Amino acid sequence: MKGVNWGNLYNQFKNKSFDANKLEKEIVRLMQDEDVTKKSGIYEYLLDGEEKRLNIRAFTPNMKREAYEKQKGICAKCRKHFAIDEMEADHIKPWRIGGKTNAENCQLLCKDCNRRKAGR
Ligand SMILES: [Zn+2]
């Protein structure tokens with residue numbers, strides 16, 4: 001696979017005790033996940049759990065607009081009203097626990113709430 005540093009990965013894997021079966025299943029699952037846009041990051045993700053390795057698909061402007069209308073411009077967290085460009089799309093159910101990047105799983109938070117949620 002392109003973009004993978006195999007020598008480095010091998011060294012990291014061999015120092016951890018992985019269940020080969022479980023690992024294989026996880027790789028197949030991530031390969032088939034449409035929200036994973038960077039398949040070459042799967043191995044690194046399995047090592048360090050960093051979601052950014054996978055470039056999880058972002059919500060489209062259409063999904064964002066739809067959620068905005070559904071919420072009538074109200075932030076899902078602090079319940080205040082914002083303009084659409086003051087808000088950010090967020091997974092209601094996090095991708096990590098099976099949430100998808102689709103309209104049903106999209107909510108808008110104001111930038112402050114989104115930042116607080118992410119713990120950044
Ligand atoms: Zn808010």
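A salt bridge is a side-chain nitrogen of Lys or Arg within 4 Å of a carboxyl oxygen of Asp or Glu. The model examined here is predicted, so local features need pLDDT of at least 70 and side-chain atom pairs count only at pLDDT 80 or more, while totals for chains, interfaces and linings use all residues. Residues are numbered from 1 along each chain as its sequence is written, and side-chain values use heavy atoms, with hydrogens and water left out.

A search of the whole structure finds nine salt bridges. In one of them, K117 pairs with D90, with the closest N and O atoms 2.6 Å apart. This pair links distant parts of the chain, 27 residues apart: K117 belongs to helix α5 (residues 111-118) and D90 to strand β1 (residues 87-91). Helices (H or I, at least four residues) and strands (E, at least two) are DSSP runs, numbered from the N terminus. K117 is partly exposed at 39% relative accessibility, whereas D90 is buried at 10%; buried means under 20% relative accessible area, exposed over 50%, and partly exposed in between (1.4 Å probe, protein chains only).

Helix α2 (residues 20-32) offers a friendly place to look next. With 13 residues at 1.5 Å a residue, α2 should span 18 Å, and its end C-alpha atoms, 19 Å apart, agree with that; the expected span is 1.5 Å times one less than the number of residues. L23, I27 and L30 are buried in α2. Seen down the axis, the buried residues of α2 fall within an arc of 70 degrees, so they line one face of the helix; the arc is that of the directions from the helix axis to the C-beta atoms. N21, K22, K25 and Q32 are exposed on the other side of α2. Within this helix, R29 and E26 sit three residues apart, about one turn, and their side chains meet in a salt bridge of 2.9 Å, N to O.

Turning to the interior, the largest nonpolar core has 13 residues, among which C75, F82, M87, L108, C110 and C113 touch the most other members. A nonpolar core is a set of buried Ala, Val, Leu, Ile, Met, Phe, Trp, Tyr and Cys residues joined through side-chain atoms within 4.5 Å. Helix α4 (61-71) and strand β2 (106-110) each give two or more residues to this core, and β2 supplies the largest share, four residues. A second, separate core of 11 residues includes L30, V36, L46 and L54.
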